[in-house]
Amino acid sequence: MNIHIEAANQQKLPITILTGFLGSGKTTLLNYILTERHGHRIAVIENEFGEVDVDSDLVLASDEEIFQMQNGCICCFVDVRNDLIDVMKKLLSHKDKFDHIIVETSGLADPTPVATAFFVDRTVADEVELDAVVTLVDAKHIDQHLYDPVLDGSDNQAVNQIVAADRIIVNKIDLAGEEALGSLEGSLRKLNQTAPILRSSYGVVELSNILGINGFRPSYVRERAEILDIDLDEDHDAHHHIHADCHDPACDHPDHDHHHHHHDHGHAHEPVRRPHQHDATVKSHSFVYPDPFDREKLATFLKGYLGAHGDDIFRTKGIVSVADDDRFFVLQAVHKLVDFRPDHAWGEDKRKSKFVFIGRNLDRDGIDRNLRACLAI
Ligand SMILES: Nc1nc2c(ncn2[C@@H]2O[C@H](COP(=O)(O)OP(=O)(O)OP(=O)(O)O)[C@@H](O)[C@H]2O)c(=O)[nH]1
C-alpha cells in the first residue's frame, strides 16, 4: 500500500482533528468555530461516544455540513474508519462547498489512528492533508485522567491525545488558578515538547492559531510520521501501522478485542493482535424516556447523585423534556459540575428525554430508578 506523505500542498483540503478527553470542551470549541467569522467554509465530521446521539442536538445549527458517525469510535474499528473514508469521499465529491474539514473525535478516542486513516485510502490521501491535531485539555479535571491509578500499565487516552497534538488548548481556565495552570502546562510540556500551548475559556481562542496552520509542513513530516507510526524508510510500499485500540466500551464489535492492540499491516480487515491492556472499566449507559420530567426534582437528583458519584462518573449529557415548558433542557455535566438549563423551544420535534452517563462502576438500574422518580407523573 502506498502512503503519501508530502509537502503541504495548497490544493489539498486541510483536515483538523479535534480531540480531547470527555467533557474537555470540543463541542463548545466547535460551536465557537462554526459561529465565528473566520473566512473558512467548514465541513464537520463527528464521532459520538455512546449509543444514543446527544451531540448532534448540541451542535448549533449552521450552514456547515455536519456528518454524524455513530456506532463505534473512529479510532477503534476498521469499519468505522472505513466509514470515515466513505464520508470523506462524499464530502470530496462536492468539495467546492467548503475549504476545511474538522473531524471531532469521541472523548475516548486516540487521534493517531484517525489521522492515519487519511493516508490509507489513496483517493482520499491525494486530496486531503492533515492540518493539525488540536487537543483540548480540561484545566479542572485533566489531572485525574492523566494520573488515573486504574490505568496503571494500560493505555491512557488522555495522555495519547496530548502526545499526538500539534496544538494544545488548555480550556476552562476560568475554573483553575494561575498556579495550577502553570503546573499543568509544565506537565503537558513533558508529554509534548513541541506543540504550542494556548489557553481558553469556553473554547475562545484566536482561530488562526488552530485552523490553517499546516501542522504537516515538510519539516514536520518525519516527526509526524513517527507519531502516526508510519514507517517512512520502507521505500514506496511502506506499510502503514494503525494502532487501533478501542476505547469505546459501548462497542461490542465481534472483531474487537478490548484487551489487544490491533496492528494493521495494510490489510484493513485482518488486524494482527499483540498483547495490550487497556481500560475496559469505563462504560456508557443511555436512557430514553418519552414522558416529561419535573425540573426541580431532576435538578436536585443530578446535583446530589453526581456530587456523590462524580469521581467515577466522568461525563453526563442529556436533552430533557420538562413538564409545562415549551423548551428542551440541556444537561451537561463533567464529573460533579452540573449544568442543566433551558434551550430552544421543541417546535416540531418530538419531545422525549435522552441521557448518557459515562464512567466507571455505573449502577444502571439505580440511575434508571432515580431518573424515573423524577418524571412529572
Ligand atoms: N466553566 C467552563 N465550562 C466550560 C468551558 N468550556 C466548556 N465548558 C462546559 O463543559 C461542558 C462540556 O463541554 P463540551 O463542549 O460538551 O465537551 P466535549 O469535549 O464536547 O464533551 P464530549 O463530547 O462528551 O467528549 C459543557 O457544560 C460546557 O459548557 C470553559 O472554558 N469553562
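Here's a short back-and-forth about how a few labels on this predicted model are justified.

User: What makes alanine 195 count as buried rather than exposed?

Analyst: Count the C-beta atoms around it. Buried takes 20 or more others within 10 Å, and alanine 195 has 22, so it is buried.

User: Where is alanine 195 in the chain, and what is it in contact with?

Analyst: Alanine 195 is in the loop between α8 (178-191) and β7 (197-199). Setting aside neighbours within four places in sequence, its contacts are Ala165, Asp166, Arg167 and Ile168. Ile168 also turns up among the residues with the most contacts inside the largest nonpolar core.

User: How far is alanine 195 from proline 292?

Analyst: C-alpha to C-alpha they are 46 Å apart, with their positions 97 residues apart in sequence. Contact needs C-beta atoms within 7 Å.

User: What is in that largest nonpolar core, and which strand gives it the largest share?

Analyst: The core has 69 residues, and Ile17, Val103, Val134, Val137 and Ile168 have the most contacts inside it. Strand β5 (residues 128-138) supplies the largest share, seven residues. Both domain 1 (13-275) and domain 2 (283-372) put in at least three residues each.

User: Which residues is valine 103 in contact with, leaving aside neighbours within four places in sequence?

Analyst: Those are Ile15, Ile17, Leu18, Ile45 and Val114. Ile17 is another of the residues with the most contacts inside the core.

User: Why are β11 and β14 called edge strands?

Analyst: Look at the order of the open five-stranded sheet: β11-β15-β12-β13-β14, with antiparallel pairing. β11 (283-289) and β14 (337-345) each have a single partner strand, so each has one side with no neighbour in the sheet, and they stand at the edges. From one strand to the next, the twist averages 10°.

User: How do you know that β12 and β15 really pair?

Analyst: Pairing takes at least two bridges. Strands β12 (residues 313-321) and β15 (residues 353-359) are joined by six and run antiparallel, so they pair. One concrete example is glycine 318, whose bridge partner in β15 is phenylalanine 355.

User: Which helices lie across strands of this sheet, and at what angles?

Analyst: Helix α10 (residues 295-309) lies across β12, β13 (327-334) and β14, at about 150° to β14. Helix α11 (residues 364-372) lies across β11 and β15, and its angle to β11 is about 25°.

User: And how many helices and strands does the protein chain have?

Analyst: There are 11 helices and 15 strands. Of the chain's 377 residues, 42% are buried.

Technical notes. Residues numbered from 1 in each chain as written. Predicted model: local features only at pLDDT ≥ 70, side-chain atom pairs only at ≥ 80, totals over all residues. Core = buried A, V, L, I, M, F, W, Y, C linked by C-beta atoms within 7 Å. Buried ≥ 20, exposed ≤ 12 C-beta atoms within 10 Å, placed from the backbone. Helix = DSSP H or I, 4+ residues; strand = E, 2+ residues; numbered from the N terminus. Domains from an automatic or database assignment. Contact = placed C-beta atoms within 7 Å. Axes fitted to C-alpha atoms, helices over the stretch in contact; angles between N-to-C directions.
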